[in-house]
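Me: Please take a close look at one part of this model for me: the largest pocket. After that, I'd be glad of a tour of the surroundings.

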Amino acid sequence: AEHKLTDIWRQFRAGVGLYFILTRVRPIFRTGVQNYDKLNNVTQENLHGIRVVKSFVREDHEIQKFSGISEDIYRDFSRAEKRLAFNMPLMQFCMYACLILVSWFGARMIVSRTLTTGQLMSLMTILPFRFCSSLMMLSMVFVMITISRASCERIVEILDEESDIVSPADAVTEVTDGSIDFDHVSFSYSKREDKCCLEDVDLHIPAGMTVGILGGTGSAKSSLVQLIPRLYDATIGTVKVGGVDVRQYDVEKLREEVAMVLQKNVLFSGTIKENLRWGDPNATDEEMQRVCRLAHAD
């Protein structure tokens, strides 16, 4: 009974110490993972905009920015590792404290003739390897789980993110014609009506008409066009395609009917033919050649 109480007390003390360490390490690892996001963002910007960086001679500035974020990551993980370093001494302390307690209780039991010296020696030999070693391994598992949890939480945030743009229950699945109507449309990326980049746009385009929209950089030309296939929803007013509000269409069907060529086009890995078939997976070679001629890409 005394041995069981000793073992329970040892496990309780080790568990409290381990919990104390992990609760202080977890926020640091979470901050470190967020700084990794910043580091990846800077790296991606420099790779995509390498010509801009070189043309404006901003290499030193970008290197300094990269180094600053790297130092933040190093500092965060150093703080976390310093706290985790207490894990091993804590487990060692629990193990040797357990041996001392077993020796003390064992000596009393030998004196009272309820335990033999051989049994005590066997107990002291088995205890560190059977119980304490398992406890140390378990503590290391908890440490690894704490480190991985910060990364998992970031991944789960993305996986659990839900789109604001969804199809209605009784969605329209057919676009009758190509007419486009903007009925007093205002749009804000922040959903705030006092921060609109498009204000009171009233535009009606019959099917078959070609319309050019002119404006300076940042005048929301792309934002206007992206409201048609419902890449964004209008903050105020209604956008209609074929006389029907785009919010009443099935999103997939609407985007199948509205072809859009963005300013920055991306070639995905694979062949040219595979890239051309993004619009129609079943397109024949003749159809692809025709659209290439239309787009002056032949």
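The largest pocket and beyond

Reply: Helix α9 gives the largest share of the lining of the largest pocket, 5 residues (helices are DSSP runs of H or I with at least four residues, strands runs of E with at least two, numbered from the N terminus). This is a predicted model, where local features need pLDDT of at least 70 and side-chain atom pairs 80 or more, while totals for chains, interfaces and linings use all residues. Numbering starts from 1 along each chain as its sequence is written, and side-chain values use heavy atoms, without hydrogens or water.

The largest pocket holds about 1400 Å³ of space (a pocket is an open set of points on a 1 Å grid over the protein atoms alone where a 1.4 Å probe fits, with protein on both sides within 12 Å along at least five of seven lines; lining residues have an atom within 4 Å of a point; the volume is that filled by probe spheres on the points, which are joined across faces, edges and corners). Its lining has 29 residues, and Met 260, Val 261, Asn 275, Trp 278 and Gly 279 lie closest to the centre. Helices α7 (251-257), α8 (272-276) and α9 (285-294) are the elements that give two or more residues to this lining. By type, the lining has 19 nonpolar, 3 polar and 7 charged residues (Ala, Val, Leu, Ile, Met, Phe, Trp, Tyr, Cys and Pro are nonpolar; Asp, Glu, Lys and Arg charged; the others, Gly among them, polar).

Now for the surroundings. Helix α4 covers residues 87-111, and its end C-alpha atoms are 36 Å apart, in agreement with the 36 Å expected for 25 residues at 1.5 Å a residue (1.5 Å times one less than the number of residues). Among its buried residues are Asn 87, Leu 90, Met 91, Cys 94 and Phe 105 (buried means under 20% relative accessible area, with a 1.4 Å probe and protein chains only). Arg 113, which follows α4, has a positive phi near 60°.

Two other non-glycine residues also have a positive phi: Asp 200, near 50°, and Arg 230, about 60°. Asp 200 sits in strand β2 (residues 198-205), whereas Arg 230 is in the loop between α6 (221-226) and β3 (236-241). Arg 230 is buried because its relative accessible area is 5%.

Asn 46, in helix α1 (residues 2-48), counts as buried because its relative accessibility is 18%. Beyond its neighbours within four places in sequence, Asn 46 contacts Val 53 and Glu 62 (heavy atoms within 4.5 Å).

Finally, the chain averages a pLDDT of 81, and 89% of the residues score at least 70 (pLDDT is the predictor's confidence in each residue, from 0 to 100). Over residues 1-13, pLDDT stays under 50, and the model has 16 contacts there beyond four places in sequence.

Methods:
Buried < 20%, exposed > 50% of the residue type's maximum accessible area, 1.4 Å probe, protein only.
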